[in-house]
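Biologist: Thanks for sitting down with me. Could you bring up the model so that we can go through it together?

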Protein chains: 2
Amino acid sequence: MDPQQLRTFVTVARLASFSEAARELGYTQSAVSQQIAALEADLGTALLLRRPVGPTGAGQRLLEHAAPLLVRLEAARADVARLAGAPNTRLVLGATALAVGAALGRALGEVRRAYPRVEPVVRVLAQDVLPAQVATGEVDLALVDGLAAPSDPLPLPDVGPLRTVAVAERPVAVALPVGHPLAGRAGLALADLSAARWLDAPDLTPPAARLRAAAGVDGFRPATRYQGTDLHGLLALVAAGHGLTLLPEPVLAAAPGVGYAPIAAPRLVHRIELVHGSLPEGPAALLARLLESSRG
Amino acid sequence: MDPQQLRTFVTVARLASFSEAARELGYTQSAVSQQIAALEADLGTALLLRRPVGPTGAGQRLLEHAAPLLVRLEAARADVARLAGAPNTRLVLGATALAVGAALGRALGEVRRAYPRVEPVVRVLAQDVLPAQVATGEVDLALVDGLAAPSDPLPLPDVGPLRTVAVAERPVAVALPVGHPLAGRAGLALADLSAARWLDAPDLTPPAARLRAAAGVDGFRPATRYQGTDLHGLLALVAAGHGLTLLPEPVLAAAPGVGYAPIAAPRLVHRIELVHGSLPEGPAALLARLLESSRG
DNA sequence: ATGGGTTACGTCAATCGTAACCATG
DNA sequence: CATGGTTACGATTGACGTAACCCAT
């Protein structure tokens, strides 16, 4: 099972065409055909149906394995390259939207003082792609926010040997329109809110499925979906009564126009975790040290 | 980065010898040397120091990536083979020691009635190797027990696309010698026991590091280490006052000679999860269905 | 001098491209 | 009949083994 073969296999499957895949990979259509044939011979099964081109059952299974495999291969290469190559003088930070805050601002300031020549880049991305971006070296480190039980780490996809450290932990509250009867109430149970209308903002807050798992009950039916990473827009929808959302309490305390009530059960925290691989000396390593020690 | 090259690399590193690795892999010493050279050329760095043979820094990093990568490759192959090969007529179940219980016994009985010709095999293994065993097809499915927050899945190593379902969940209690002042006490907090003497039984109960993380405090210093998967021996040590252990409450309730006290905080459960890949029709699939529906 | 990793070189297999071929819509 | 995947074939590349080499105990 050559990685090359796996790459062309996933490409063919994605484009549903041998010739398109050949073009994208810089091969002849014939070479692609031969690679697929070799892979099928190696595994002893047909992987693709031809005309129209699509995965067989076995091909479907292989596809689920192949993508993470290729990510991990690239991650391995990036990891040794990091250690072998020139000392990194850039600083690219990946982060989920809610992970960018005052603590990061302070730390970034110190890094700019120490390395005046580097221009830090902050790239806001979805939670589930960040570990892969770190592993493959597309970002140097990442700040990921999410909900978890106090004792448990965030459930992040495992894409290789990465270090994960919590750098901030805040209580969780539900955002409400001002004047909502529940606003300000203490001891709220998440399960009691399962029948309410919820806002689904996948780039900012945990999805409904996660809420159901945390509360242990069904419900949390999303009424409106908010696509975007902008907090103000989401809060405006909350204020207008379009639904509820779970957010860190300090964020809601500082937001005008919305009320909130802390969630007491189940015991949940909003946590920001720093994800990074090995960091040779440089601005990225400094930023990691600052964030780890600031813890806030 | 050919998988073959990675395999010889990890073998050379493990045996600290080119010639030994060549013997184990069925190559010439020369071929091994050439493969390592090619890999080093590909990655642009020295990976091994010669005479004595050992990994360089970059080699160390690559080793951390290579082992899981090879496991996942084998898992991919096994997964398509499962779907392509002859319908599985065997039944090999992997399980951690505490996951083998009455519910499994009942389910296994039904499987034997439905498939009188198969001889089920139950293989007791450590928690952290079971997912890999499932992925690579060495066992058909696995029952894994462990501690977790009620809403969170067990923290298992991710070795590929596997399905995980909770099949049983029980309260957690601390095992104590009979007559211990805490025995029978309700509302015990785990953190209050951090200074006690603990038994470290890595094959049966969560390690000290996990307890520290769950309780959020230091401590849980292991006094005695118990290597083995036999519950009775461990309980005998508890009864003799050699230390405390965390176990499912029903197990302790049925054990003579030991007392116990349920843990109220943090909210933890002892859960048994079923781990399996795709299961073509056969005894393994039936057992999975039975376990999933019994939930006990 | 010997054990063990490297290098040179010959052989064989694998892979790619060109081009002829065939099947499906 | 045309688009697109397969097969045949020749050329190139790469991988392994033998054997000579070299370096460090």
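**Contacts with the DNA and a surface patch**

Modeller: Happy to, and do keep in mind that this is a predicted model. A good place to begin is chain B, where an N or O atom in the side chain of B:Gln29 is 2.5 Å from a base nitrogen of DNA strand C.

Biologist: Which elements give two or more residues to the surface near DNA strand C?

Modeller: Both chains take part. Chain B gives α2 (18-25) and α3 (29-43). From chain A, the element is α3 (29-43).

Biologist: Which residues are the closest to DNA strand C?

Modeller: There are 17 residues around this strand. Sugar and phosphate make up 52% of the strand C atoms that come within 4 Å of the protein. The closest residues are A:Thr28, B:Ser19, B:Gln29, B:Ser33 and B:Arg50.

Biologist: How far is a phosphate oxygen of DNA strand C from an N or O atom in the side chain of A:Thr28?

Modeller: Let me give you a backbone contact too: a polar backbone atom of B:Phe18 is 3.5 Å from a phosphate oxygen of strand C. For the side chain of A:Thr28, the distance from an N or O atom to a phosphate oxygen is 2.5 Å.

Biologist: How many residues of the surface near DNA strand C are polar?

Modeller: The surface divides into three classes. Four residues are nonpolar and three are charged. The polar residues number ten.

Biologist: On to DNA strand D: what share of its atoms within 4 Å of the protein belong to sugar or phosphate?

Modeller: Strand D has 17 residues around it, with A:Ser19, A:Gln29, A:Ser33, A:Arg50 and B:Thr28 coming nearest. One phosphate oxygen of strand D lies 2.7 Å from a polar side-chain atom of A:Ser19. Bases account for the rest of the strand D atoms within 4 Å of the protein, and the share of sugar or phosphate is 51%.

Biologist: Where does chain B have a side-chain N or O atom 3.1 Å from a base oxygen of DNA strand D?

Modeller: Two chain B side chains are worth a look here. In B:Gln34, an N or O atom is 3.4 Å from a base oxygen of strand D. The 3.1 Å distance belongs to B:Ser30.

Biologist: Lastly, is A:Val124 buried or exposed, or something in between?

Modeller: A:Val124 lies in strand β4 (residues 121-124) of chain A. With A:Val100 and A:Val122, A:Val124 forms a nonpolar surface patch of about 210 Å² of accessible area together. Because its relative accessible area is 41%, A:Val124 counts as partly exposed.

How values were computed: Residues are numbered from 1 along each chain as its sequence is written. Chains are lettered from A and ligands numbered from 1 in the order in which they are written. This is a predicted model: local features need pLDDT of at least 70, side-chain atom pairs count only at pLDDT 80 or more; totals for chains, interfaces and linings use all residues. Side-chain values use heavy atoms; hydrogens and water are left out. A residue is near a molecule or strand if one of its heavy atoms lies within 4 Å of it. A polar contact is a pair of N or O atoms within 3.5 Å; within protein, one must be able to donate a hydrogen and the other to accept it, and residues adjacent in sequence count only if both atoms are side-chain atoms. Helices (H or I, at least four residues) and strands (E, at least two) are DSSP runs, numbered from the N terminus. Ala, Val, Leu, Ile, Met, Phe, Trp, Tyr, Cys and Pro count as nonpolar, Asp, Glu, Lys and Arg as charged, and the others, Gly among them, as polar. Patches are made of residues with over 30% relative accessible area and no salt bridge: like charges are joined within 9 Å, nonpolar side chains (Val, Leu, Ile, Met, Phe, Trp, Tyr) within 5 Å. Accessible areas come from the Shrake-Rupley method with a 1.4 Å probe; for residues, only the protein chains shown count as cover. A salt bridge is a side-chain nitrogen of Lys or Arg within 4 Å of a carboxyl oxygen of Asp or Glu. Buried means under 20% relative accessible area, exposed over 50%, partly exposed in between (1.4 Å probe, protein chains only).
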